[in-house]
Amino acid sequence: MVYFYRSPMAIVISALCSIAIAAFIYFVIVKPQTDDANNQVNHALQQAAPSIHKAQSIQDCVLAAGTDTTKLAACNK
């Protein structure tokens with residue numbers, strides 16, 4: 001809500017109050033939610049990293065084996 005006053009000092013004070021309210025909302029409501037979401041994404045990526053690494057190593061093994069079925073069978077172990 002914006003109030004208009006004739007006094008320049010009142011306009012400055014009103015603007016500062018609006019900025020203070022917006023900063024309070026950001027630091028109390030928005031920032032904790034985004035930090036929590038970022039932490040959850042980082043945690044999920046850390047859990048998925050071993051699986052991604054294993055899949056990459058299997059892919060490298062299959063590419064190196066080519067058409068040799070003995071080497072392809074060894075890639076699954």
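This report covers the disulfide, the aromatic pair and the exposure of a few residues in a predicted model.

**The disulfide**

A search of the whole structure turns up one disulfide. The bond joins C61 to C75, with an S to S distance of 1.9 Å. That distance fits the rule, because a disulfide needs two cysteine sulfur atoms within 2.5 Å. The two cysteines sit in distant parts of the chain, 14 residues apart. C61 belongs to helix α1, which covers residues 8-65. C75 belongs to helix α2, which covers residues 69-75. The torsion about the S-S bond is about -85 degrees, so this disulfide is left-handed.

**The aromatic pair**

The count of aromatic pairs comes to one. Its members are Y26 and F27. Their ring centres are 5.0 Å apart, and 80 degrees separate the planes. The pair is edge-to-face, because an angle over 60 degrees counts as such.

**Buried or exposed?**

The table lists relative accessible area for five residues.

| Residue | Relative accessible area | Class |
|---|---|---|
| C17 | 43% | partly exposed |
| Y26 | 39% | partly exposed |
| F27 | 54% | exposed |
| C61 | 28% | partly exposed |
| C75 | 6% | buried |

Take the disulfide first. C75 is buried, because its 6% is under 20%. C61 is partly exposed at 28%. Now the aromatic pair. F27 is exposed, because its 54% is over 50%. Y26 is partly exposed at 39%. C17, another cysteine, is partly exposed at 43%.

Note on methods: Residues numbered from 1 in each chain as written. Predicted model: local features only at pLDDT ≥ 70, side-chain atom pairs only at ≥ 80, totals over all residues. Heavy atoms only, no water. Helix = DSSP H or I, 4+ residues; strand = E, 2+ residues; numbered from the N terminus. Buried < 20%, exposed > 50% of the residue type's maximum accessible area, 1.4 Å probe, protein only. Phe/Tyr/Trp six-rings, centres within 6.5 Å; stacked < 30°, edge-to-face > 60°.
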